[in-house]
Amino acid sequence: YGTSLKCYGDSLTMRTAVLGLNNEATADTLFDLAGLHARLDHYEAAIKAYDDCLKIRMQTEGLYGVGVVKALTNTGIVHARYGMYERARDCLSGALKVSKDRVEQRKASFEVTNTKSSLDYASVSDYTNDDTTQQKIYELAQEKRELASILHHIANVHFKLNDSKRALSCFEEALRIRRWLCGHSEGNASMIELAHQDFEEASDDLELAYRQFFQERAPKNYHSEEDLDVLADTLHSMGCVYEASKQLESALRCYNESLIIKRRSSVYCAGDMQQIALAGDSKFGAAHPESLSYAKTLIRIGCVQSKLFNHEIALSHLEPGLRLQRRHLGRDHPNVAQTLAEMGRCLRQRSLNTTPRAGSHCGSSDIVALKCYNEALRISKLRFGPQHVVVAGILYDRGSILDSVGDFSEAAACYKQSLRVYGRHYAHGVLTGLLHTGPTNSSL
């Protein structure tokens with residue numbers, strides 16, 4: 001990366017000297033340089049380079065150029081990565097406005113011969129079948145792909161800002177576009193949308209509905225691997241918003257559909273090795289059933305099923321998710337500890353809800369749960385230190401299991417350690433608040 005930074009720096013110096021600041025080639029170098037700074041976690045340098053690039057794009061392309069959209073979008077993504085969510089929202093909102101205008105301009109450039117069809121969901125057969133029109137359809141698809149990406153990113157930002165209503169609205173709009181894109185490339189843009197109606201009616205066996213769709217109705221390779229991956233990603237993210245809003249059934253439906261698409265995408269699509277490499281998975285595509293993305297969705301399904309008291313189903317998803325996490329992240333990653341703690345809670349709840357007459361899970365569940373908490377505690381202490389609130393939470397849960405099995409002295413020790421950490425954390429928060437705002441009547 002050091003060599004790349006030097007090369008980009010030299011290129012920028014030469015292009016600025018020869019071509020001037022307000023040149024598209026100079027903006028290209030600034031854009032690539034900003035991306036490299038972002039990858040290297042150089043926040044300030046990345047933002048400055050994107051800002052300089054944006055100024056040039058606005059002068060050379062006008063306010064509605066594709067370069068303007070990309071610069072605003074990437075600036076918003078970098079801000080969001082560093083927790084600057086208000087700034088991210090402002091940048092992405094600007095990109096969203098420009099992108100929507102560009103899509104409308106593309107729509108206006110040709111007419112649908114079948115006036116009963118909506119342009120958003122019409123199939124390619126509804127258009128005049130000539131090379132010029134096909135090129136325009138391709139360009140529209142590219143613009144809609146960019147729009148869906150922006151909608152997805154701004155939805156995540158709204159979610160981080162605790163605006164679930166706006167987050168869901170943006171995710172739903174992105175989802176409609178991405179369904180359209182998945183059925184677009186082989187001349188049947190309405191296929192996924194029509195199939196989705198079948199899926200809505202197939203609540204008893206969603207996977208069977210998908211299997212019939214992919215095997216009997218959809219041509220193999222009628223969609224790209226990348227479009228399916230991002231469709232699954234949007235569904236997963238929508239599930240996260242529903243789960244945080246305690247709409248567990250809606251969350252489960254999104255997660256299940258995402259998981260099925262991830263499972264099917266690599267089966268029915270010819271993989272592009274370059275795209276797989278860019279996706280960051282050296283062996284599999286981003287949504288392959290052996291990928292980390294697949295593991296994340298498995299784990300979220302497990303967590304929701306646990307909240308719905310379907311403990312056996314929950315464990316059947318958490319266990320393979322944990323195996324994949326360990327394979328990709330190693331045994332000492334904080335996410336592995338989080339999954340172990342979730343498994344411990346699920347096992348504990350199963351034990352509490354199991355009567356001796358109903359089965360023999362009670363004792364064995366507590367033993368396995370204790371092992372999960374022990375491993376989660378080890379990892380959390382290693383990664384966060386013994387005084388972190390994550391450690392305190394695991395200590396408390398571990399103490400509750402020890403209490404239930406009659407190991408009262410060890411349980412008391414866990415409770416005391418947990419209380420000590422929580423007490424220090426609370427005291428630190430009060431002191432920080434006093435230093436920033438000064439004493440108030442309620443604190444005296």
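Buried means under 20% relative accessible area, exposed means over 50%, and partly exposed is what lies in between (1.4 Å probe, protein chains only). Keep that rule handy for the exercises below.

This is a predicted model, where local features need pLDDT of at least 70, side-chain atom pairs count only at pLDDT 80 or more, and totals for chains, interfaces and linings use all residues. Residues are numbered from 1 along each chain as its sequence is written, and side-chain values use heavy atoms, with hydrogens and water left out.

**Exercise 1. Sort the cysteines.**
Decide whether Cys 414 is buried or exposed, do the same for Cys 53, and then count the disulfides.

*Solution.*
- Step 1: Cys 414 has a relative accessible area of 1%, so it is buried.
- Step 2: Cys 53 comes in at 0%, so it is buried as well.
- Step 3: A disulfide here is a pair of cysteine sulfur atoms within 2.5 Å. By this rule you end up with zero disulfides.

**Exercise 2. Take stock of the chain.**
Find how many helices and strands the protein chain has, and what percentage of its residues is buried.

*Solution.*
- Step 1: Helices (H or I, at least four residues) and strands (E, at least two) are DSSP runs, numbered from the N terminus. Counting this way gives 18 helices and zero strands.
- Step 2: Of the 444 residues in the protein chain, 44% are buried.
- Step 3: Call it a contact when heavy atoms are within 4.5 Å. Among contacts with a separation of 6 or more, 65% link residues 24 or more positions apart.

**Exercise 3. Dig into the core.**
Work out which residues have the most contacts inside the largest nonpolar core.

*Solution.*
- Step 1: A nonpolar core is a set of buried Ala, Val, Leu, Ile, Met, Phe, Trp, Tyr and Cys residues joined through side-chain atoms within 4.5 Å.
- Step 2: The largest one has 57 residues, and Leu 151 and Leu 231 have the most contacts inside it.
- Step 3: Helix 7 (residues 164-182) supplies the largest share of this core, with 10 residues.
- Step 4: Skip residues up to four places away in sequence, and Leu 151 touches Leu 96, Cys 170, Glu 173, Ala 174 and Ile 177.
- Step 5: There's a second, separate core of 27 residues, including Leu 340 and Ile 379.

**Exercise 4. Two threonines in one helix.**
Say which residues Thr 73 and Thr 75 touch, leaving out those up to four places away in sequence.

*Solution.*
- Step 1: Thr 75 lies in helix 4 (residues 66-81), and Thr 73 has its place in helix 4 too.
- Step 2: Thr 73 is buried at 4% relative accessibility, and Thr 75 is buried at 3%.
- Step 3: Thr 73 is in contact with Leu 92, Ala 95, Glu 146 and Ile 150. Thr 75 touches Ile 47, Tyr 50, Asp 51 and Cys 91.
- Step 4: Thr 75 and Lys 48 are 27 residues apart in sequence, with their C-alpha atoms 9.3 Å apart in space.

**Exercise 5. Spot the positive phi.**
Where do Asn 162 and Phe 309 lie, and are they buried or exposed?

*Solution.*
- Step 1: Asn 162 lies in the loop between helix 6 (131-160) and helix 7. Its phi is near 65°, a positive value in a residue other than glycine.
- Step 2: Asn 162 has a relative accessible area of 70%, so it is exposed.
- Step 3: Phe 309 is in the loop between helix 13 (292-307) and helix 14 (311-329). Its phi is positive, about 65°, although it is not a glycine.
- Step 4: At 54% relative accessible area, Phe 309 is exposed.
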